[in-house]
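Let's take a walk through this structure together, one contact at a time. Have your viewer ready and follow along.

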2 protein chains.
Amino acid sequence: MNITKIVETCLYSNDLEASQEFYSDFLGLKMITWEPGRHLFFRCGSGMLLIFNPEHTSRKETEVDDQLIPLHGSRGSGHIAFQAESSMLDEWRRRFDEYGIEIESEVDWPDGGTSIYFRDPSNNSIEIIFGNIWNV
Amino acid sequence: MNITKIVETCLYSNDLEASQEFYSDFLGLKMITWEPGRHLFFRCGSGMLLIFNPEHTSRKETEVDDQLIPLHGSRGSGHIAFQAESSMLDEWRRRFDEYGIEIESEVDWPDGGTSIYFRDPSNNSIEIIFGNIWNV
């Protein structure tokens, strides 16, 4: 009865238009659904990145065929990390430069691999990891 | 230069002891690291579930070899969804009963698959999805 993976990872945003542009255009994720004012869903590998407007999801209950989707929605900076190939590090550095996105920090991990940290338009702390730092 | 997957999914908790018990014992995830007062890391499939104490990570900067790990940390209910096999639904229903964990809602999706929603000790909205509702 094992859990096999995490299939939905969530972030929160009060400006879904800005998030849509950032995650589609700059990060290159494939958008699946956009419900204006409520959510924005992206496919990413074998999982989904769901971006919700907490003003909506923490206050207004949603139902699917009379079945309740529970309330949720946080404020403040969340965090997620994406995986990329180690060989893509320089190309990504150039992409940050090209799009004028500030790299907040770059970390070389003691056992190998590099992380680039930056902010999304809602001030979430986003990381791209180059190399398999978690052995997953 | 594609992003291949989400490798770190985060939740926040002010009671890491309670989170540790819940995610290890009830959900059966494999704990990798526990830094008391700051974080708790679990392996889950080809990714990681990181649970942070936002009182720590939103206020105290962390460094690795003089390199900065940026601040983050949200308040309020976050959300994640785990994947399980469809055939395990009844066994999980019994497990909720056995552990005295309340099922907040159960949703049968129009195109097939079932979700069970419940709360973790920090009031995050957690979902287990039985069946491949996202086609991922």
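What follows goes from the inside of one chain to the contact between two chains. Please keep in mind that this is a predicted model.

Let's begin inside chain A. Its residues fall into two domains: domain 1 covers 1-75, and domain 2 covers 77-136. If you place a point at the C-alpha centre of each of these domains of chain A, the two points are 21 Å apart. The domains also touch: domain 1 of chain A brings 11 residues to this contact, and domain 2 of chain A brings eight.

Which elements of chain A give two or more residues to the domain 1 side of that contact? They are β1 (5-12) and α1 (16-26) of chain A. Of the elements on this side, α1(A) gives the most, namely four residues. Sorted by class, the domain 1 side of chain A holds five nonpolar residues, five polar residues and one charged residue.

Now let's step out to the contact between the chains. Here chain A supplies 58 residues and chain B supplies 59. On the chain B side, 30 of the residues are nonpolar, 19 are polar and 10 are charged.

Strands meet across the two chains as well. Strand β8 of chain A, residues 79-84, pairs with strand β1 of chain B, residues 5-12. The two run in the antiparallel sense, and four bridges join them. To find one of the pairings in your viewer, look for Gln83(A): its bridge partner in β1(B) is Lys5(B).

Conventions:
Residues are numbered from 1 along each chain as its sequence is written. Chains are lettered from A and ligands numbered from 1 in the order in which they are written. This is a predicted model: local features need pLDDT of at least 70, side-chain atom pairs count only at pLDDT 80 or more; totals for chains, interfaces and linings use all residues. Two residues are in contact if their C-beta atoms, placed from the backbone, lie within 7 Å. Ala, Val, Leu, Ile, Met, Phe, Trp, Tyr, Cys and Pro count as nonpolar, Asp, Glu, Lys and Arg as charged, and the others, Gly among them, as polar. Two strands pair if DSSP finds at least two bridges between them. Domain bounds come from an automatic or database domain assignment.
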